[in-house]
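I sat down today to look around inside a protein model. Here are my notes, written as I went.

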2 protein chains.
Amino acid sequence: MTVRYSVPRGTSDILPGQIAIWQEIDKQARAILSRFNYREIRTPIFEETGLFKRSLGQTSDIVNKQLLELASNKEEGYSLRPEGTAPIVRAYLENSLDKQESLSKLFYIGPMFRGERPQKGRLRQFNQIGVEVIGLNADSLYIDCEVIILSMSLLKAFGVQGSKLLINTLGSENDKVKLAGYLRDKLKGRAPELCEDCQNRFERNVFRILDCKERSCINIVAGINFDNSYLSEESRIRFESIKDILQKNKIEFIEAPRLVRGLDYYTETVFEITNPNLGSQDAVGAGGRYNNLPEVIGGESKKDIRGIGFSLGIERIILAIDEELKKVEEKLDIFLAVLGKGEIVEQGFAILNSLRRAGFSADMGYQESSLKSQMRFANKCNARLVVMIGEDEVRKKAVLLKDMVKSEQEEILFSEDNLDVLINKARERLKVLC
Amino acid sequence: MTVRYSVPRGTSDILPGQIAIWQEIDKQARAILSRFNYREIRTPIFEETGLFKRSLGQTSDIVNKQLLELASNKEEGYSLRPEGTAPIVRAYLENSLDKQESLSKLFYIGPMFRGERPQKGRLRQFNQIGVEVIGLNADSLYIDCEVIILSMSLLKAFGVQGSKLLINTLGSENDKVKLAGYLRDKLKGRAPELCEDCQNRFERNVFRILDCKERSCINIVAGINFDNSYLSEESRIRFESIKDILQKNKIEFIEAPRLVRGLDYYTETVFEITNPNLGSQDAVGAGGRYNNLPEVIGGESKKDIRGIGFSLGIERIILAIDEELKKVEEKLDIFLAVLGKGEIVEQGFAILNSLRRAGFSADMGYQESSLKSQMRFANKCNARLVVMIGEDEVRKKAVLLKDMVKSEQEEILFSEDNLDVLINKARERLKVLC
């Protein structure tokens, strides 16, 4: 009996035919992040489960329902990372980056994991590009602006069009407590009409009710008046200044007083970027300040360290990009068509190696077959040049060089072991083509 | 009480100060793999545990002791991938790549996982670059040669020097059975002297005894005469031809009759690359043919599909590289020194954004501080140019442009909102420096 092995539910293979857009996003991201002077950091795929419980909040859905834990005999073990912020703050503190510099501008690109019930756009393994700005000097409101501008610049570079930037402020830790009280007060009378999940959220994490997708909850939330009365003067002025700077730098945004983000660690500025191509799960990325997270993770002595960051979902980005932009043509400099066997193949293989050593991308078919079938292969690889070698050529110490763009063909003679003539001819022809 | 969260045992953070060599290896690998016309494939971080049990062999150490499993209620669940070959053959078959092309040349770069007892050079999460050539047409002995040449070309491109290539053949599936019998026959008399692990291996997987690092086992194995008598004529001729082609293409190698690789799936050609900088765990990479693996994973109907591949350990590569090569200088095009606050910072931030939009890598300090301290920051970033803006400059609509290499300084005036003069001057100066 044959067992069929399948890709795990909620994950997917990225095949060679689909990889071009992933490689392009990686390349563009690195170029833009370098312009903004962010440096890459890589943390492990799994972390202590306690790190996520402590930082994301015991009441968040991610911690309650969605951690993918490693099997372990111990009481509390490791979990695959569901997000990048907590691991990077952990790495920042454990490696004492705060002792080395007063401002660390970090980025990451990689997979994250959540044990979600699979549904459209919800994956168990998904990929994110994100940044974290951490340090004693990370408090400037210009950093909020830089981070927001960077997120929009990345999406623009990827070719994502029509995105909307939503921003809000949660105020200080104190303001957040006031806002929670205000929300409970407004929702109290209608609590029985909330969905079951939201009835649980009412005491434990009232902010999550604002993100609920149930029709009844959406209607109740829509009736609440948000008036910023919970904000301290300092947080209010800070938010006004940020909006002012964004405007002066021509960044369009929408104020979204209902935007709160479900994670415990956010304070002050929060933002979300939506895209109309994504349907109901329309967020392509989100972020915010987490000024208390360094203390939560590192303890009292780290309480002056500030932080802000965002992450973009790569699968979401790809969904939002125009189909046209996803097509990236493969290219091969030289295909080697070998007609014959034995010594002819041996000679062909030696030429192939010399061409690769000279820096060309080059390939051959490795299977005895007709010229017609080899030319078909060359076309499939989108080869610019074809080098042909058969019995005649081996005898004459020559090859035929065919220019697939110009449809020209020439015979090139070379002396024993010296392919310089061929290499130079090929360089010349490829230079013209580039 | 503060809990300290640490990086999981056997894993590590790669910090911004260490990242350059990782990025460089990634870049070089992609360049060389593209020359050889290999295309990237990405499979999930975890797979069905059964896939690894079936393909690596129930008796292998990896499956017996080293799988990191995900927590699950079901009898058999998922495990973090310990290697790349089985997942890629699974993805190849599940996505019917064999129906689309007769030869697939695939590569991967990413983390692998083993639940090892941590020791020098043994990690729970480690990174590999690997290739797999799979298909109905993957049988050519030139493909064995290409794959071996590619592995050596990659190491050369990374700057790994002094590596040794060891090659051997296990022969066909039948030959392997004969070889196992021969080994048992030779070891039988000395079985009591073998270490405990090897006494278990004697029946279950006798090949693993050849890899044992225990002094007593090494001595016993050294006394066995390997004479290739187990090889079929076909496999013998194949191996002779491969050695001949490698020689003709100037690839140095050492014949290593004791090299067998511990995984069930290998047949025919196997190879290993060692490096003297690595100490006792001296393999920087290894690979071989696995002609039966597609059938093992995909069933009877896939029995004509052939495969060969290798993987290189990135942590090992980095250990083997000269310290000098690991130093990659950071560079920033422009640092913006802002002297003042309020409107001056606001102007500075707008200039910063314009410079980034124009394609420069640029940054500012985001903290009110002295010119001296900002110049120190500019030097730390290795900035080529510094743009200075203070009260005078804002009033005059000007900036000072300082060339850090030439130690020259000039004032640049610009009209409202038009920074073209500055952008052109900066481009000119950076072009000269590049």
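I began with Leu154(A): setting aside its neighbours within four places in sequence, I found it in contact (heavy atoms within 4.5 Å) with Ala29(A), Ile32(A), Leu33(A), Ile129(A), Phe310(A) and Leu312(A).

A note on ground rules: this is a predicted model, where local features need pLDDT of at least 70, side-chain atom pairs count only at pLDDT 80 or more, and totals for chains, interfaces and linings use all residues. Residues are numbered from 1 along each chain as its sequence is written, chains are lettered from A and ligands numbered from 1 in the order in which they are written, and side-chain values use heavy atoms, with hydrogens and water left out.

Next I looked up the largest nonpolar core (buried Ala, Val, Leu, Ile, Met, Phe, Trp, Tyr and Cys residues joined through side-chain atoms within 4.5 Å; buried is under 20% relative accessible area with a 1.4 Å probe, protein chains only). Of its 75 residues, Leu154(A) and Phe158(A) touch the most other members. Helix H6 of chain A (residues 141-158) gives the most to this core, 12 residues; helices here are DSSP runs of H or I, at least four residues, numbered from the N terminus. Apart from it I found another core of 74 residues, including Ile351(A), Tyr366(A), Val133(B) and Ile308(B).

Then I compared the chains, superposing by least squares on C-alpha atoms of residues with pLDDT of at least 70 in both. A turn of 180 degrees and a shift of 0.0 Å along the axis lay chain B on chain A with an RMSD of 0.0 Å. The two copies are therefore related as by a two-fold rotation axis. The same surface serves both copies, as 99% of the contact residues of chain B recur in chain A.

Definitions and conventions
Buried means under 20% relative accessible area, exposed over 50%, partly exposed in between (1.4 Å probe, protein chains only). Helices (H or I, at least four residues) and strands (E, at least two) are DSSP runs, numbered from the N terminus.
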